[in-house]
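Me: I am new to this structure. Please take a close look at one charged pair, and then show me how its surroundings fit together.

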Amino acid sequence: MAKISINLLPPEIIAQELKKTRFYKIQFVGIGIILVMVFLTSLTLALRILQSRNIEVVQAKLSEGEQRVADLRDTQASLLLLKDRLTVITQYLGVPSKQSSLYKLIDKIIPPSVMVTAVSVNKTGDITFSALVPDPVNLDTLLDNLTNKDDNEDKLGQVSIESLSRGRDGIYRMSLKVASK
């Protein structure tokens, strides 16, 4: 059976009820939109607050890192200065100076019987020394060693005798000046 419905209400009231129903639907949708907007606004504010806190934490870490870097700049300057000094010291330790190599060369080429009384080597490498030589053979050996390029390792140049004398005891006293190459 078919359902039969009888509407005894006048059409104005039905139109009025339809308007009310449409009005309530619009109000419901409007309230829903407002609630969604309030929810989205509160969500945006909450995210903004969280992001602000995160930004503050990151900025605090950044300023702490910048402070560490600033504190380490003095240390870096000190380390660079020490590195330069160590480089200079290593150069001096690794390579003997010209003066020390000339002292070693003089010690090597002077015969054992010759007694050296004074030796000086200036910065340019010129050598001045005084010696006591017991006999003419050792005097010849000394002069040969000073002038022979093989013996002096080609480091010595001109040899000039500044003074040479023989005492009553037969010992030769001499003063030499040797230019280095």
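Reply: **The charged pair and its surroundings**

Glu 64 and Arg 68 join their side chains in a salt bridge, at 3.0 Å from N to O. A salt bridge here is a side-chain nitrogen of Lys or Arg within 4 Å of a carboxyl oxygen of Asp or Glu. Side chains of opposite charge can pair when their charged atoms come close.

A word on the source. This is a predicted model, in which local features need pLDDT of at least 70 and side-chain atom pairs count only at pLDDT 80 or more, while totals for chains, interfaces and linings use all residues. Residues are numbered from 1 along each chain as its sequence is written, and side-chain values use heavy atoms, with hydrogens and water left out.

Where does the pair of Glu 64 and Arg 68 lie? Both are in helix H1. They sit four residues apart, about one turn of the helix. Helices (H or I, at least four residues) and strands (E, at least two) are DSSP runs, numbered from the N terminus.

How exposed are the two partners? Glu 64 is partly exposed, with a relative accessible area of 43%. Arg 68 counts as exposed, at 54% relative accessibility. The cut-offs are these: buried is under 20% relative accessible area, exposed is over 50%, and partly exposed lies in between (1.4 Å probe, protein chains only).

Now follow helix H1 itself. H1 covers residues 11–94. Ser 78 is found in H1. Ser 78 is partly exposed, because its relative accessible area is 42%. The C-alpha atoms of Ser 78 and Gly 30 are separated by 71 Å, with their positions 48 residues apart along the chain. Phe 39 is also placed in H1. Phe 39 counts as exposed, because its relative accessible area is 53%. Its C-alpha atom is 68 Å from that of Arg 85, and these two are 46 residues apart along the chain.

Phe 39 also belongs to a nonpolar surface patch of about 1000 Å². Other members include Phe 28, Val 29, Met 37, Leu 43 and Leu 50. Patches are built from residues with over 30% relative accessible area and no salt bridge; like charges are joined within 9 Å, and nonpolar side chains (Val, Leu, Ile, Met, Phe, Trp, Tyr) within 5 Å. Accessible areas come from the Shrake-Rupley method with a 1.4 Å probe, and for residues only the protein chains shown count as cover. Met 37 lies in H1 as well. Met 37 is partly exposed, because its relative accessible area is 49%.

Step back to the whole protein. The protein has three helices and four strands. Along the sequence they follow the pattern α-α-β-β-α-β-β. The radius of gyration is 53 Å, well over the 16 Å that the globule rule gives for 181 residues, so the protein is more spread out than a compact globule. That radius is taken over C-alpha atoms, and the rule is 2.2 Å times the number of residues to the power 0.38. The C-alpha trace spans about 165 × 35 × 25 Å along its principal axes. Buried residues make up 15% of the 181 residues.

Next come the strands. Two strands pair if DSSP finds at least two bridges between them. Strand E1 (residues 115–121) pairs with E2 in the antiparallel sense over six bridges. Val 119 has Phe 129 in E2 as its bridge partner. Five residues lie between E1 and E2 in their hairpin, and Gly 125 in the turn has a positive phi of about 100°. E2 (residues 127–133) also runs antiparallel to E4 (residues 172–180), joined by seven bridges. There, Val 133 is partnered by Tyr 172. E4 pairs with E3 (residues 156–166) too, antiparallel, over eight bridges. Ile 161 stands opposite Leu 176 in E4. The hairpin of E3 and E4 has five residues between the strands, with Gly 170 at a positive phi near 85°.

How many salt bridges does the structure hold? It holds two. Besides the pair in H1, the side chains of Arg 173 and Asp 169 meet in a salt bridge at 3.5 Å, N to O. Arg 173 counts as partly exposed, at 37% relative accessibility.

One buried residue rounds off the tour. Asn 145 is placed in helix H3 (residues 136–147). Asn 145 is buried, because its relative accessible area is 16%. It touches Ile 109, Pro 111, Asp 151 and Asn 152, not counting residues up to four places away in sequence. Contact means heavy atoms within 4.5 Å.
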